[in-house]
Amino acid sequence: MADLRELQKRLRVTFKDITLLQIALTHRSYVNENPDTPLHANERLEFLGDALLGFVVAQELYQRFPHLAEGELTELRSSLVRKEALAQHAEELNLGDFLYLGKGEEKAGGRRRQTNLACTFEAVVGAVLMDRGFATAKRFVLRCLGEELEGIDWEGLPRDAKSKLQQITQAQWKQAPVYKVVETAGPDHAREFTVEVRTGHQVLGKGSGMSKQQAEKEAARAALAMLKESPD
């Protein structure tokens with residue numbers, strides 16, 4: 001089993017029952033290939049985490065935007081808890097590196113599969129809730145989603161480049177933008193990441209930064225500039 005002390009530091013949550021975190025990281029393929037494991041798949045914790053995420057985000061939006069109608073609040077909540085967004089939060093926490101996967105899923109790239117990452121993030125939320133209670137789980141969710149929440153203006157519209165780009169791509173192509181690291185350079189203490197942002201097979205922009213998040217923001221800014229110059 002993986003040493004989960006580093007992951008707990010990233011989560012900023014220390015588990016009383018580490019088995020709950022192990023279960024949150026357990027993909028069904030691992031259980032299928034290891035029938036004697038004491039762990040079971042993370043789907044029940046995923047169910048719990050999904051419910052908590054929806055509630056916490058809904059409550060936060062309800063309190064922040066008293067002037068927005070139900071439909072607008074629903075749309076905002078959906079954008080914040082969509083699969084792509086949750087997978088990105090999982091990547092920021094490096095959850096993929098700690099997954100318990102079957103050999104077939106491992107070979108198929110399961111550690112970076114968007115669905116696996118999103119489901120694992122939800123399962124980790126569920127594990128935090130079961131181990132540390134509602135208050136800690138709510139703080140964890142708001143800490144992870146804080147940047148996106150702060151990126152919504154008073155009218156319920158996104159302010160930051162990534163959110164603006166998502167709004168445009170959803171409206172034009174019914175797709176969320178996908179960010180991919182295409183190059184990593186420099187030593188560990190001064191790493192520089194280059195990221196492309198795409199919709200489908202179309203590259204919209206490219207950006208670099210000292211973190212994946214910063215590179216993604218720069219890529220989004222480049223994409224917005226490109227889309228602004230493109231003819232309708």
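Student: How many aromatic pairs does the structure hold?

Tutor: There are 3 aromatic pairs in this predicted model. Tyr30 and Tyr100 form one of them, with 5.7 Å from centre to centre and 40° between the planes.

Student: Why is the pair of Tyr30 and Tyr100 called tilted?

Tutor: Rings of Phe, Tyr and Trp (its six-membered ring) pair if their centres lie within 6.5 Å, and planes under 30 degrees apart count as stacked, over 60 as edge-to-face and the rest as tilted. The centres of Tyr30 and Tyr100 are 5.7 Å apart and their planes make 40°, so this is a pair and it is tilted. The two rings bring together distant parts of the chain, 70 residues apart: Tyr30 in helix α3 (residues 28-33) and Tyr100 in the loop between α6 and α7 (103-107). Helices here are DSSP runs (H or I, at least four residues), as are strands (E, at least two), numbered from the N terminus.

Student: How do you know that Tyr30 and Tyr100 are buried?

Tutor: Buried means under 20% relative accessible area, exposed over 50%, and partly exposed in between (1.4 Å probe, protein chains only). Tyr30 has 17% and Tyr100 has 7%, so both count as buried.

Student: What makes Phe55 and Phe134 a tilted pair?

Tutor: Their centres are 6.1 Å apart with 55° between the planes, so the same test gives a tilted pair. Phe55 sits in helix α4 and Phe134 in helix α9, 79 residues apart.

Student: Are Phe55 and Phe134 buried or exposed?

Tutor: Neither: Phe55 has 44% relative accessibility and Phe134 has 39%, so each counts as partly exposed.

Student: What makes Lys162 a charge over the ring of Tyr179?

Tutor: The rule asks for NZ of Lys or CZ of Arg within 6 Å of the ring centre and within 35 degrees of the ring normal. The charged end of Lys162 is 5.0 Å from the centre of the Tyr179 ring and sits over it.

Student: How do you know that the length of α8 agrees with its number of residues?

Tutor: The expected span is 1.5 Å times one less than the number of residues. For the 19 residues of α8 that gives 27 Å, and the end C-alpha atoms are 27 Å apart, so the two agree. Helix α8 is also mostly covered, with 15 of its 19 residues buried. Just after α8, Gly133 takes a positive phi of about 95°.

Student: Why is Leu80 called buried, and what is it in contact with?

Tutor: Leu80, in helix α5, has 5% relative accessibility, so it counts as buried. Contact means heavy atoms within 4.5 Å. Beyond its neighbours within four places in sequence, Leu80 is in contact with residues including Val57, Leu61, Leu145 and Glu148. Leu80 and Glu148 are 68 residues apart in sequence but 7.2 Å apart in space, C-alpha to C-alpha.

Student: What makes β2 and β3 a pair of strands?

Tutor: Two strands pair if DSSP finds at least two bridges between them. Antiparallel strands β2 (residues 192-199) and β3 (residues 202-209) are joined by 7 bridges, so they pair. One bridge partner in β3 is Val203, facing Arg198. The strands form a hairpin with 2 residues between them, and Gly200 in the turn has a positive phi of about 65°.

Student: Which conventions apply to these values?

Tutor: Local features need pLDDT of at least 70, side-chain atom pairs count only at pLDDT 80 or more, and totals for chains, interfaces and linings use all residues. Residues are numbered from 1 along each chain as its sequence is written, and side-chain values use heavy atoms, leaving out hydrogens and water.
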